[in-house]
Structures are given as C-alpha cells and as structure tokens.
Amino acid sequence: MMTDMFGQIRLKVNLHLHTTESDGRKTPEEASAIYREAGYDIIAVTDHWKYRESGAIGGLRILSGAEYNAGGGNGAEGVFHILALGCSREPRIHREAGPQAIIDEINGCGGMAVLAHPAWSLNTVEQTKGLEGIGATEIYNTVSDAGESSRPYSGDFVDASACRGRLYPLIADDDTHYYNGEDETSSYIMLACSPEASDAELLEAIRRKAFYATQGPEIHLLREGNRIAVRCTPAVRISFFSNAVWARDRCVRGSNLTESSCEVQSFETFIRAEVTDADGKKAWSNTIDLRQ
Ligand SMILES: [Zn+2]
Ligand SMILES: [Zn+2]
C-alpha cells in the first residue's frame, strides 16, 4: 500500500503469474512469499487452465484467476491468451473453445477477461475487433522480455485498437514463470482502491481505469480542456501517444523531469502517456477518451 503524490491510497497488484500448478517454477506458497516480501497487496495466481479461487496464501490476498488460451503457436492463425480475473466460480471452458466463448464464460462468472500479451501473441486489430467483452489488455508483461522471449511491449496494438475506438484499461504485470531475477516483482499496477474492497469492487476500479501501470515510476495523466498534462516522479523521458502520428510537444527528454504537457487537436480521439526513469524503468498511464 502506498500514498501517491496526490494523497490517494494505492494498492500494489500483480494480476498475472504462474506457479508449479502449471509451468511456473515456484509453488503458490513460494510465489506468494516472494510478492508479499516485495510489498505487494494483492496477486492473482493465473495458472494455465487451472483456476485458483480468491482467498489468501501466507497472508497475501489472492484474487481468483486462471489463464485460458485458444489457437496454437502460429500467430498467423490467431493466438489468444485470456486471463480470467475475479470470477466468483470456476469458469467451465472447453479446450476447443474459441476466444469469444472463453470471454463470455469469464464474464458469466462475474469476472474480467483480460487479453494477455497481445504483442507476444502477434494479435492484430483485425483479429480482435469482433471480440466483445474484453475488460482490459496488457500493455506490458515482464516475462515476454525474459528467457527466450523478446516481445513484451503491446503499445502498438493498444494504439491501433484505440484508433478503432477500443480504449481498454492498460495493465502491466509480470506473467511470472522463472523467478530467477528476470521476471518476478517487476511490472504491476497501482490501484486506487480501499484495501477492504471486495473482488467486485477491485474489478470495478480496474474498469474505471483507477490505476496506473508501472515498474516503479509514478505517472498521472490529467486533462484540462484541450491541454493534457503528465505529472510523474523524476524521469528522463515523458512521451504522449495518440492517433496523431506526429504532433508538437509529444516527447521530452532530459533529467529530473516531473511534468510535461501538450495541446490536443480536434481530430485526436485518445491520448495516453509513458515515462522512463534514469534506471530505465517505465510507467504507463491509462488512455483518456478525447471523444467525450
Ligand atoms: Zn499467456
Ligand atoms: Zn501467463
């Protein structure tokens, strides 16, 4: 738990990790101890096709989770990995189910369906535009930059989707598998929510985008009419992303930067921001809908 620069209480949450219940290298108890010691308030244990109900392990709160997938290993044919978060009962999903059936069952269980690592899966907007009921997507998952993977950043997919009007809440998480110093306790969300919140209230706060995603830096994106401002902890780079492929004042580089702002144009429909600190750690804001 942390109080941010505006006095708001924030919970530190990793919504995606694996254990020895599937292909992770630590037991649920070991994983829970690692995250608790790193100051996390909540984790979701999201083993492949293995539902873990809400509760606590070793004193750390667990949000119910699982990861389901459709498609094999060929991105050209469509690979979909979908997290089930906060379901009130175990989803009943057939191994041959397609992505829409998986999403529908998760929502039917009162949970949130999260499109996991779209960059790693090579997801395109064409593949996902017909899918209804996705509650959030990952903009970054640590493990896709560890071991034998090198495609962790889904910002291009996120922006292409936003160009089509899909402004998903943007989660960063670890998708932990190895626990070898490369993929644990690195990327997470800072959720503005009471520690006493119910599972449903946690999901509601994620849907409201009451969080930022980060590896350490704090980031806030603020709108005042056509002026969009970032406030952050000291950074070496602050960047804005929208459907404008280029515009003025969208990237500043320097040292100890704690704010930046830009003016949006009438044709811009969304905007979001990222910051990078001197250690290379990043934070990602959620997207502001400029059509409202
Ligand atoms: Zn996955
Ligand atoms: Zn995973």
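1. Let's start with a salt bridge between Asp159 and Arg272, whose closest N and O atoms are 2.7 Å apart. The two partners come from distant parts of the chain: Asp159 belongs to helix H4 and Arg272 to strand S16, with their positions 113 residues apart in sequence. Are they buried or exposed? Both Asp159 and Arg272 are buried. Keep in mind throughout that you are looking at a predicted model.

2. Stay with helix H4 for a moment, since it has more to show. H4 covers residues 155–163, and its buried residues are Gly155, Phe157, Val158, Asp159, Ser161 and Ala162. What do they pack against? The buried residues of H4 meet S8, H3, strand S9 (134–141), strand S10 (170–173), strand S14 (227–242) and strand S16 (270–276). Just past the end of H4 comes Gly165, with a positive phi of about 90°.

3. Back to charges. The structure has 13 salt bridges, and one of them joins Glu21 to Lys50, with 3.5 Å between the closest N and O atoms. This pair also links distant parts of the chain, being 29 residues apart: Glu21 sits in the loop between strand S2 (9–14) and helix H1 (28–37), and Lys50 in the loop between strand S3 (42–44) and strand S4 (55–57). Glu21 has a relative accessibility of 37%, so it counts as partly exposed. Lys50 is partly exposed too, at 38%.

4. Another salt bridge worth a look is the one between the side chains of Arg250 and Glu268, at 2.9 Å from N to O. Both ends are in loops: Arg250 is in the one between S14 and strand S15 (251–263), Glu268 is in the one between S15 and S16, and the two are 18 residues apart. Arg250 counts as buried because its relative accessibility is 9%. Glu268 is buried as well, at 3%. If you would like to see a network of salt bridges, find Glu126, Lys129 and Arg164, which are linked in one.

5. Now the metal site. Which residues supply the protein donors of the zinc ion (ligand 1)? They are Glu67 through OE, His81 through ND1 and His117 through NE2, all lying 2.1 to 2.3 Å from the ion. Along the sequence, these donor residues follow the spacing E-x13-H-x35-H. His81 is in strand S7 (residues 80–85), while His117 is in the loop between strand S8 (112–115) and helix H3 (125–128), so the pair ties together parts that are 36 residues apart in sequence. Both histidines are tucked away: His81 is buried, with a relative accessible area of 11%, and His117 is buried at 4%.

6. Glu67 does a second job in the model: it bridges the zinc ion (ligand 1) and the zinc ion (ligand 2). The two zinc ions lie 3.5 Å apart.

7. Next, have a look at Asp199, which is in helix H5 (residues 199–207). A polar contact of 2.6 Å connects its side chain with that of Ser54. Leaving aside residues up to four places away in sequence, Asp199 touches Ser54, Arg61 and Leu63.

8. On the surface, Met5, Phe6 and Leu222 make a nonpolar patch of about 250 Å². Leu222 is part of strand S13 (residues 219–224). With 36% relative accessibility, Leu222 counts as partly exposed.

9. Finally, two backbone details to check by eye. Leu122 has a positive phi, near 60°, in a residue other than glycine. Leu122 lies in the loop between S8 and H3, and it is partly exposed at 43% relative accessibility. Asn256 is another residue other than glycine with a positive phi, here near 50°. Where is Asn256 found? Asn256 is in strand S15. It is exposed, with a relative accessible area of 59%.

How values were computed: Residues numbered from 1 in each chain as written. Chains lettered and ligands numbered in written order. Predicted model: local features only at pLDDT ≥ 70, side-chain atom pairs only at ≥ 80, totals over all residues. Heavy atoms only, no water. Helix = DSSP H or I, 4+ residues; strand = E, 2+ residues; numbered from the N terminus. Polar contact = N/O pair within 3.5 Å; in protein donor to acceptor, adjacent residues only side chain to side chain. Contact = heavy atoms within 4.5 Å. Donors = N, O, S within 2.8 Å, 3.2 Å for Na, K, Ca; no water. Buried < 20%, exposed > 50% of the residue type's maximum accessible area, 1.4 Å probe, protein only. Patch = residues over 30% accessible without salt bridge, like charges linked within 9 Å, V, L, I, M, F, W, Y side chains within 5 Å. Areas by Shrake-Rupley, 256 points an atom, 1.4 Å probe, with all protein chains shown as cover. Salt bridge = Lys/Arg side-chain N within 4 Å of Asp/Glu carboxyl O.
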